[in-house]
Amino acid sequence: MNPMAGPGDEFHVYDTTLRDGAQREGISYSVTDKLAVARLLDGLGVGFIEGGWPGALPKDTEFFARAAAGDLELKHAKLVAFGATRKAGVKVEEDPQVKALLESQAPVVTLVAKSDLRHIERALRTDTDENLRMVRDTVRFLKDHGRRVFLDAEHFFDGYAFSPDTSLKVLESAVEGGADVVVLCDTNGGQLPLGLAETVAEVIEKTGFRVGIHCQDDTSCAVANTVAAVQAGATHVQCTANGYGERAGNADLFAVVGNLVTKLGMDVLPTGALAELTRVSHALAEIANIAPDTHQAYVGSSAFAHKAGLHASAIKVDPELYNHIVPDRVGNDMRVLVTEMAGRASIELKGREFGLDLTGRSKEVGSALTRVKELEAKGWSFEAADASMELLLRSELSELDTPPFTLESYRVVLDHRSDGEIVSEATVKVHVARERVIATAEGNGPVHALDAALRKALLPHLSWLDTVELADYKVRILTEHPGTDAVTRVLVESTDGEREWTTVGVHGNIVEASWLALCDALVHKSMRSSKPV
């Protein structure tokens, strides 16, 4: 048996990220981006990739041209061109938009058609009979030219509730023309799972047609509606990566596939592909220039993160007690968050992540837990700062080496010059390698200047320092103290090109909070350089 074999044509996973997903506010794919997205989706093993609307959008036309020229080699998926039926009163062979669908050379075409009587009369400004001919003629024309055709019945559920006979006749016209699948679209995203499933089952029973489902997420039910439609008999699901799409978005490809495979036991992806869900989700988010949703089902970094001490106690005995699946099935990982809500089990599990054996060290574990709770009460937060948490835990266990440097003092001044330029200058005095070092540097802000001065002082003594860069810097003013007395929390994310780590600092003075986080970042790097975990 082919190890890459999926469900074949029995079930369709159809992705429309490049067309419907691209309608999300803030997303603008270049042609190169579109090719990269298609390659990732093909590698995941989806069956169909909708590339866009050739003839309507220049970038989509170029995308299909480059794909036909060999810039896109698909190993699993079929490329789909999206378009509309012929215009009312126009012969199908003379409609330029239909011609563009053929010229795209895509082997599959998805046509959108009005299936709501109100849209037929008010939007198309034609009658039902002409709309049915438009559907039938266009499907048959494309079939006669060797294309496989799917029909997206737009606004189907709203139309079926208003005039069921009209909506069913649209489906019948498509099938008469040769459409392989009729896709029922919840275009306004207003359906709920039970009602939608009832309609899907009713349509299948009345027609016997092969039915697909396309759901928008305006009620936050797109994934649930899609799964409900499959349970009611749909064998074709249209989704977008990470739920990207217009308004509230579309059904999330990764949540839908995760549910179909792990909950319904359906092999809708090639063997081994499920473990790629998290990686592909994050890669597609990078291309879209949108931060990955940390709380996204299955693939979010918090999807299997546990904060409560009660959860951690159970997970210590058996991780499956508080995880609905084994995280690595979808390429994700379990994390234990250490906060003021933590218990001893949370500390022990966190220690395992750091490679620490805490067996028989209940006193140290208790001391670390007390320290965490004390600091969290003062505004510290360790759930997003694993590096600082590791330093705290190793310190309580007396397993932290001597820091690579110690501070004597630092000073930061702000120089507002006569020409309006504002420059910060920092001076640090540190002891490193048994030497007292003084260094001064300027920066575009006090923290930048302080970081530059510290690096200037340490670089001759710490060979690894030039690989460390500040990747992100976040400041939060805590509201427990009003006005200028507020406490500041700083999170610093650092990278050495191979890994990233986050440290935290808290103080009433933003510069001191930043200093604490910056120092922890370098101490953690020094520790890992001598003790890789």
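Here's a quick briefing on a sheet, a cavity and two residues in this structure.

This is a predicted model, where local features need pLDDT of at least 70, side-chain atom pairs count only at pLDDT 80 or more, and totals for chains, interfaces and linings use all residues. Residues are numbered from 1 along each chain as its sequence is written, and side-chain values use heavy atoms, with hydrogens and water left out. Helices (H or I, at least four residues) and strands (E, at least two) are DSSP runs, numbered from the N terminus.

**The three-stranded sheet**

- Strands 11, 12 and 13 make an open sheet in the order 11-12-13, with antiparallel pairing; two strands pair if DSSP finds at least two bridges between them.
- Strand 11 (406-416) and strand 13 (435-443) sit at the edges with a single partner strand each, so one side of each has no neighbour in the sheet.
- From one strand to the next, the twist averages 10°.
- Strand 11 and strand 12 (residues 422-432) run antiparallel and are joined by 10 bridges. Val 413 has Glu 425 in strand 12 as its bridge partner.
- Helix 16 (residues 446-458) lies across strands 11, 12 and 13, at about 35° to strand 12. Axes here are lines fitted to C-alpha atoms, for helices over the stretch in contact, and angles run from 0 to 180 degrees between N-to-C directions.

**The cavity**

- Searching the whole structure turns up one cavity of 30 Å³ or more. A cavity is a set of points on a 1 Å grid over the protein atoms alone where a 1.4 Å probe fits but cannot get out, and lining residues have an atom within 4 Å of a point.
- The largest cavity holds about 50 Å³ of space, with volume taken as the space filled by probe spheres set on the points, which are joined across faces, edges and corners.
- Helix 16, strand 14 (469-478), strand 15 (487-495) and helix 17 each give two or more residues to its lining. Helix 17 gives the most, with three residues.
- The lining splits into six nonpolar, one polar and three charged residues.

**Two residues to look at**

- Lys 525 is in helix 17 (residues 510-530), and counts as buried because its relative accessibility is 11%; buried means under 20% relative accessible area, exposed over 50%, partly exposed in between (1.4 Å probe, protein chains only).
- Beyond its neighbours within four places in sequence, Lys 525 has contacts (heavy atoms within 4.5 Å) that include Trp 464, Asp 496 and Trp 501.
- Val 90 is in the loop between strand 3 (78-84) and helix 3 (96-103), and at 27% relative accessibility counts as partly exposed.

How values were computed: 1 Å grid on protein atoms, 1.4 Å probe; cavity = no way out; pocket = protein on both sides within 12 Å on 5 of 7 lines; lining within 4 Å. Nonpolar A, V, L, I, M, F, W, Y, C, P; charged D, E, K, R; others polar.
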